[in-house]
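This briefing concerns a pocket, a chain contact and some backbone features. Please consult the sequence and the structure shown here while reading.

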Number of protein chains: 2
Amino acid sequence: MTSTKKDTVIIVGAGLCGTLLAIRLAQRGYGVELYERRSDMRKGMIDGGRSINLALSARGLMALDLVGIKEEILKECIPMHGRMIHNMDGSTRLSPYSGREEDYINSVSRSGLNIALLHKADEFDHLNIYFDAKCTQVDLKEGTAHFETPQGPKVAKGEVVIGTDGAGSAVRGSLMRKTPQLLFNYSQNFLRSGYKELAIPPGENGSHRIEKNALHIWPRGKFMMIALPNLDGSFTVTLFHPYEGEAGFNTLNSKEGLLSFFNKYYADSLEHMPELWEDYQDNPVGSLGTIKCYPWQAYGKTLIMGDASHAIVPFYGQGMNASFEDVRVFDKILDQNEGNWNQIFYDFQEVRYQNTNAIADLAIDNFYEMQDKVDDPPFIKKRMLEMQLEDQYNDYYSKYSLVTFRPELPYAEAMKKGRMQDAFLLEKCEEVESVEDLNLEEVYKELKKL
Amino acid sequence: MTSTKKDTVIIVGAGLCGTLLAIRLAQRGYGVELYERRSDMRKGMIDGGRSINLALSARGLMALDLVGIKEEILKECIPMHGRMIHNMDGSTRLSPYSGREEDYINSVSRSGLNIALLHKADEFDHLNIYFDAKCTQVDLKEGTAHFETPQGPKVAKGEVVIGTDGAGSAVRGSLMRKTPQLLFNYSQNFLRSGYKELAIPPGENGSHRIEKNALHIWPRGKFMMIALPNLDGSFTVTLFHPYEGEAGFNTLNSKEGLLSFFNKYYADSLEHMPELWEDYQDNPVGSLGTIKCYPWQAYGKTLIMGDASHAIVPFYGQGMNASFEDVRVFDKILDQNEGNWNQIFYDFQEVRYQNTNAIADLAIDNFYEMQDKVDDPPFIKKRMLEMQLEDQYNDYYSKYSLVTFRPELPYAEAMKKGRMQDAFLLEKCEEVESVEDLNLEEVYKELKKL
């Protein structure tokens, strides 16, 4: 690592991805000018004070390790060793992520993580952060970004501009406005379900009212509820429901209706959610969209990464992890081509877009899998077989485990291998009445040959 | 048909689709206010005087027939009975579209057709056309559209607004700005090839220098040239080339380079194109994009159709035909639900988007088929077999024929049936050395069973 001051990089967006990138570039000796549309979240709560949490897993941790902040962050995390399935009758069942003790994911506060990264970024003299600066446009060939600030318009000039400004990216907007020149491919696709955040408050003395070290799921076919633990004893709860129909957000619009719905489908949660109706009323319904685009870079001067280039739905718990992985992959490509931004941006885009397309597709698959397959007998058998395999054979990884616990494996390869395994195991399960009828060792050996 | 004056419909875009729709709605007794961004093309040439032509086929004709203008238009068309394939060595071979005499497509001047429609539209007192009015925005729930005109801003208020303003649709832009509310899915995808128009001027006394009644193709694997006849004896020639590489538009940037390239690949055309270099320099490179979106309507008040909702690449010759078919399908749905715009818009969208998605995909397939399959032995055998089948059996239709000559069959069904036939025939061809080894009658009988 060099300490010489190199080119200045303008980064648009000081969220999770942008701040991590800023730190890494500062560590490498680049001048970094980091701009953020919102106010400094360290000076006040965002999201109306709600605790939003995310699942941090191996890919994200590997990137945090790169900048030396992994251990510090892990202290603020709650390990989740498996899924706690809540049945309609109130019974629960813990489904571990794998048989390997080291395979767990971590519940972390989104704003807590962002704040920790901002503090880390403050350590560098040659990294400046500007808040309340809304990007209006990027001059793609110039390394120049334009902002609206409370003090009036501002222009930032660097060697290159990198947009990490999220799903609604203004930098991507500038690429899109040059569609004919760049042949800019773009798609936005929404699921016909949305989400709404609720909460389970802490128990007595900050204890957790339900199992702390698990990701809780109430799977109900066409809709579901999940809950992730927070350090203060609370849980952040998310409803994933369609807009219309019995479970539709538009249908559940009265206190009586909502409570009766919860009584029917999520009965065991009711006692833990005294503010259910108030939370339901106060919190908006968010949409679940996937954004893909190509190219990610223009003229070797402008690049987008993170959600700006690949926003995905949350059903694989990989959105943040994929964005952090962007930074790790970018850093690796910097090693190979330092000094040649054109090559760096191009290589990054070419290596990365196939992998983020893969995780985007996997996340959508998982939405339908959770909705439609949860009661499907061959699928249940397959999942049982898979758990036995993971339990018995330390080197067997299910599709979920390949994605979640094998950070060295690119998403596209994890998808390919995982889908091949799934097809094979489903076929095996269709041949027998019960999973017990299968010879586990033979199945394992056949899998290894695939 | 009623002569009562009904609701007023605002139509944005007086191109081929919008003008046809305006005529049909006026015939049904609606008040129609038709707005067009460009000037009245009847008062001056557009496209710098270039003749642009299109292939008008059964689906388009069926829609023109609906408004009673088919025979008039056919008089301005040149029938093309098949593809004239130009080989590298200058030899040619006519590949008929089918064995049925009635199966031909028609070369028609784009501006000539548009002008004929505008004249027809002028016949209605309750149909007003406004040129030089650029749509800036639509109030989706209001039936209101805003325009910039040389006289200043103008607001048009009707019962509903229908956007037929092409691939760059401003009305679609208004839907897109309401993405979160409408969960607006959108994609734009470009081929890594573009196109450029050239010309073969008329021969002596307005004669055609090459076969008049054919669509000429110079297929060359990764690129190709086509030519369609015009009434004045000229041909409109289109190059479909990649941007980069030997045949790339960016590579062919000198007179010497271009002429030597033509000498190698399109030698037999050179003598007919005395202005080749001048045309090549003067005419821009256009991009080849596919646009899909959903929903097409909002609040039962705003609808998009034609290229505004489904822009496709030209490799099936169906862009204009699909847009005209939109009008025919819309008219049918009006019959069923007249008076209930909400139902009409919704039904139209639901019936139609699957079919336009199908033709969009078929058109892209055909681009790759023309590029990659033209020299592929099983594919050549399949095409030979297919031609024998169409020649021998009057009720056998290839995929191309299903799409082009069976207007009563929705695109999605034509695609499904055509792809099934293709897979079957390719399999048959792989079993034998030569197509002669197959029993045509048996193949035909098996096909009927599919």
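**Second largest pocket and chain interface**

The second largest pocket holds about 810 Å³ of space. Of its 29 lining residues, those closest to the centre are Leu182(A), Leu183(A), Tyr294(A), Pro295(A) and Arg192(B). The model is predicted: local features need pLDDT of at least 70, side-chain atom pairs count only at pLDDT 80 or more, and totals for chains, interfaces and linings use all residues. Residues are numbered from 1 along each chain as its sequence is written, chains are lettered from A and ligands numbered from 1 in the order in which they are written, and side-chain values use heavy atoms, with hydrogens and water left out.

**Pocket**

- A pocket is an open set of points on a 1 Å grid over the protein atoms alone, where a 1.4 Å probe fits, with protein on both sides within 12 Å along at least five of seven lines; lining residues have an atom within 4 Å of a point.
- Its volume is the space filled by probe spheres set on the points, which are joined across faces, edges and corners.
- At least two lining residues come from each of helix 6 (179-182), strand 13 (185-200), strand 17 (286-294), strand 18 (297-298) and helix 11 (341-373) of chain A, and likewise from strand 13 (185-200) of chain B.
- Helix 11 of chain A contributes the most to this lining, with 5 residues.
- Helices (H or I, at least four residues) and strands (E, at least two) are DSSP runs, numbered from the N terminus.
- The lining comprises 14 nonpolar, 11 polar and 4 charged residues, where Ala, Val, Leu, Ile, Met, Phe, Trp, Tyr, Cys and Pro count as nonpolar, Asp, Glu, Lys and Arg as charged, and the others, Gly among them, as polar.

**Interface of chain B and chain A**

- In the contact (heavy atoms within 4.5 Å), 16 residues come from chain B and 16 residues from chain A.
- About 1400 Å² is buried between the two chains, 53% of it from carbon and sulfur atoms; buried area is the accessible area (1.4 Å probe) that two parts lose on being put together, summed over both.
- Leu183(B), Gln188(B) and Arg192(B) supply 42% of the area that chain B buries against chain A, more than any other three residues.
- The rule finds 0 salt bridges across this interface, a salt bridge being a side-chain nitrogen of Lys or Arg within 4 Å of a carboxyl oxygen of Asp or Glu.
- On the side of chain B that touches chain A, strand 13 of chain B gives the largest share, 8 residues.

**Backbone**

- Tyr294(A) and Pro295(A) are joined by a cis peptide bond, with omega about 0°; Pro295(A) lies in the loop between strand 17 and strand 18 of chain A.
- The peptide bond from Tyr294(B) to Pro295(B) is also cis, with omega near 0°.
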